[in-house]
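Please work through the exercises below with the sequence and the model open beside you, trying each task before reading its solution.

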2 protein chains.
Amino acid sequence: MNVVVGQSGGPTSVINASLAGVYAAAVAAGAEKVYGMRNGISGLLKERLVVLNDLLKSEREIELLKHTPACYLGSCRYKLKSVEKCEEEYEKIFSVLEKYSIDCFFYIGGNDSMDTVAKLSAYAAKIGSGIRFVGVPKTIDNDLTETDHTPGYGSAAKFVATTIKELVRDCSIYEAEALTVVEIMGRNAGWLTAAAALAKGEDCEGADMIFLPEVPFSMDGFVEKVATLLKRKKALVVAVSEGVKLADGRYVCELASADQKEDVFGHKQLTGTALFLANEMAHRLSIKTRAIELSTLQRCAAHLSSATDVEEAYEVGMGAVKAALAGRTGVAAIFTRTSNVPYRCGVSIAEIDKIANMEKTVPLSWIHEDGTGLTEEYIKYAMPLIQGEMSPIYENGLPCHLVLK
Amino acid sequence: MNVVVGQSGGPTSVINASLAGVYAAAVAAGAEKVYGMRNGISGLLKERLVVLNDLLKSEREIELLKHTPACYLGSCRYKLKSVEKCEEEYEKIFSVLEKYSIDCFFYIGGNDSMDTVAKLSAYAAKIGSGIRFVGVPKTIDNDLTETDHTPGYGSAAKFVATTIKELVRDCSIYEAEALTVVEIMGRNAGWLTAAAALAKGEDCEGADMIFLPEVPFSMDGFVEKVATLLKRKKALVVAVSEGVKLADGRYVCELASADQKEDVFGHKQLTGTALFLANEMAHRLSIKTRAIELSTLQRCAAHLSSATDVEEAYEVGMGAVKAALAGRTGVAAIFTRTSNVPYRCGVSIAEIDKIANMEKTVPLSWIHEDGTGLTEEYIKYAMPLIQGEMSPIYENGLPCHLVLK
């Protein structure tokens, strides 16, 4: 048996742990060769494959892989067209898969990548190919349907909550009035921004307000809320999702300038929400403000990974292999939670069509009525996901990574 | 014997470790009361003192203090005027010190704060007061004279180098040409930006270019260098100091104001150095670019402190107390290094006048001739400072802090 595995879409701190899980389970199941696609399906189309058995020879390499952020194999943002529009692409992919005698195809990615799994498994059925296609979820956005949460979310949430705790301390040292606006990733789903709520505890007053894209944002309401809070507290820390939108559907960052760029998927490039809000508040309230964008640090700060997340990412990779070995195709491995306290969550299987291109947002019932914070329900849901520390393997004072050269 | 200690200026991850060192040494020397000034000298002027003996009762509290970023006692940016201009301020300060029977005054801060120590010790001599004034250095900028390095620099450097390593991985995953510009703190001295050079190693290609304020920056030269690098490498990561300046002395970020956009409310958007450079390169070279400002995270990411830095920050606090007990005043505790390999560095004493208001920049001989990187001399100097990990005390998945409420 030979298998091939690829990574696609934006990176997380634990996507390589899922790769390690797929690799370990495939080897344990007796796979002769475990191939890796360089740069996902786009590399497969060019036959750019590596033999993971040659690259991951020792326990140390597997351990390092679990500690390495981003995509060991490289990634792509390549969306397959429909079979009707571009059948030659499908033919090319299957000719490569047959050339290397591939039995199982694993794709680690978000909802766009699950679309690739859905299309390829459907095409396999159409042409009567026995190759099995299984998705392995990953995204810091936590916006995949069916699964309780996504691998990558716990580590990103731990980074966000830790950073908010540290920023709250940093912002509290002066006596002057000040507003710090922290911008957190999340285009349509506010899951990661919600993690700012985890910072609150006995030793931290937490973020003063948290704004998610799920609730329409009002500029005037924001000014009023900041002004009201400043009456009883000098240094405010506010978390905003990059994707917060006005009631008319425009992104808040669009107010900053009209010429926003679009990416290859036609998504608008969202930058500058925090900068815009900080500048506005400085003008309107004559206070000192600062904008902080957590930017890509939140998806690659592997030095602060959640041990729970790393372990689960590994397990979901193994679960995908188990599903393929059981003959499943056109599915994804997912998480099903049975209990919050104690936290109990296992890997199960879902049809890929229920996940591909779908998006799960934060339930409105988990957001405070005034739209500025999260309820206890969210805390109970998210807290187990950030538990445990996956201390890096340090060498010469810095975390070590495994790099494919 | 009673002592008072304060913190002043911008925070670091280890300024509280110095506070712990002062406290521990004072208590060990038999101090009856160790007072803390709330918000530095500005709080002392208002008699806002706390009794640290009541606040730091257990070993755990001292340990937590060493792990807590920013200033436990609060900080200020208050510069004393000259005695000639404002003698009543000095009188007020000394009346408070006498009211509380203070024998020794310790001030943890950067070069502005050392000015406070210099002025107060000079005034004490003038009025014949026996109170001793000793400075404890701190700054992530590493720009203090006399001392080999400053407490706070090692932890900030470790954060910068770790983050650059993680960002290099994150940026390497796609096949498209892309430029990531990372903005690092340091207005006139490039020490912290230089730490990006520490990321390079067997498992990391490091930052592709590093620009410090010590060397004049050329926009055309930058475009040319990026274009040249792109011929052999697709994803570039460039580190720039927030304070890079053109040959005519203007800050690079000042160039942004020429084509600054106005938001819908007619306010000008303030743009940073990295954002300006990233936008420029996107236009000039038609490549994908991203600007990342490490912002205040680099000074408060205590979860990634250098154990060497924390230990030294504690020792320099103790050293300051020892100096005061030996009758010294108008001095600061500093570091003197005797060897790089093995790293040997001890606490000694310097006259405050040689430190106050002075600034130490990166030696030009440590910067590559083309101004885009650091020499081996710098690496040998900085590497020992980021060694060792000071793992946080975690509770419920997040680092714990000690907070003065």
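The exercises that follow move from the pair of chains to single residues.

This is a predicted model, in which local features need pLDDT of at least 70 and side-chain atom pairs count only at pLDDT 80 or more, while totals for chains, interfaces and linings use all residues. Residues are numbered from 1 along each chain as its sequence is written, and chains are lettered from A and ligands numbered from 1 in the order in which they are written.

**Exercise 1. The two copies**

Task: find which rotation superposes chain A on chain B, and describe how the side of chain A that touches chain B is made up.

Solution. Begin with the superposition, which is done by least squares on the C-alpha atoms of residues with pLDDT of at least 70 in both copies. A rotation of 180° with 0.0 Å of shift along its axis brings chain A onto chain B, with an RMSD of 0.1 Å. The two copies are thus related as by a two-fold rotation axis. In chain A, the C-alpha nearest this axis belongs to A:Glu293, at 3.7 Å from it.

Next, turn to the contacts, where two residues are in contact if their C-beta atoms, placed from the backbone, lie within 7 Å. On this basis 57 residues of chain A are in contact with 56 residues of chain B. Helices (H or I, at least four residues) and strands (E, at least two) are DSSP runs, numbered from the N terminus. Among the elements of chain A that each supply at least two residues to this side are α10 (273-285), β9 (288-293) and α11 (297-300), while the largest share, 9 residues, comes from α7(A).

Then sort by class, with Ala, Val, Leu, Ile, Met, Phe, Trp, Tyr, Cys and Pro as nonpolar, Asp, Glu, Lys and Arg as charged, and the others, Gly among them, as polar. The side of chain A that touches chain B has 27 nonpolar, 19 polar and 11 charged residues. Finally, 86% of the interface residues of chain A are also interface residues in chain B, so the copies meet through the same surface.

**Exercise 2. The domains of chain A**

Task: state into which domains chain A is divided, and how many residues each gives to their contact.

Solution. The bounds come from an automatic or database domain assignment, which gives domain 1 (2-141 + 302-358 + 388-394) and domain 2 (153-300) in chain A. The C-alpha centres of these two domains of chain A lie 33 Å apart. Their contact takes 17 residues from domain 1 of chain A and 17 residues from domain 2 of chain A.

**Exercise 3. Helix α6 of chain A**

Task: compare the span of α6(A) with the expected one, and decide whether the helix is mostly covered or uncovered.

Solution. First take the length: α6(A), residues 111-127, has 17 residues and reaches 25 Å from its first C-alpha to its last, close to the expected 24 Å, where the expected span is 1.5 Å times one less than the number of residues.

Second, count buried residues, where a residue is buried if 20 or more other C-beta atoms lie within 10 Å of its own, exposed if 12 or fewer, and partly exposed in between, with C-beta atoms placed from the backbone. In α6(A), 12 of the 17 residues are buried, and the helix is mostly covered. The cover of those buried residues includes α5 (87-99), β4 (102-109) and β5 (132-137) of chain A. After the helix comes A:Gly128, whose phi is positive, near 75°.

**Exercise 4. Two residues in their surroundings**

Task: decide whether A:Lys81 is buried or exposed, and do likewise for B:Val4.

Solution. A:Lys81 is found in the loop between α4 (59-67) and α5 of chain A. With 11 other C-beta atoms within 10 Å, A:Lys81 is exposed. Leaving out residues up to four places away in sequence, A:Lys81 touches A:Cys86 and A:Glu89.

B:Val4, by contrast, belongs to strand β1 (residues 2-7) of chain B and counts as buried, because 24 C-beta neighbours lie inside 10 Å. Beyond four places in sequence, the residues that B:Val4 touches include B:Tyr35, B:Leu49 and B:Phe105.

**Exercise 5. Unusual backbone geometry**

Task: say which residues the cis peptide bond in chain A joins, and describe the phi of A:Ala70.

Solution. Most residues other than glycine have a negative phi, and most peptide bonds are trans. A cis peptide bond joins A:Val341 and A:Pro342, with omega about -5°, and A:Pro342 lies in the loop between β10 and β11 (344-351) of chain A. Phi of A:Ala70 is positive, near 65°, and A:Ala70 is buried, with 27 C-beta neighbours inside 10 Å.
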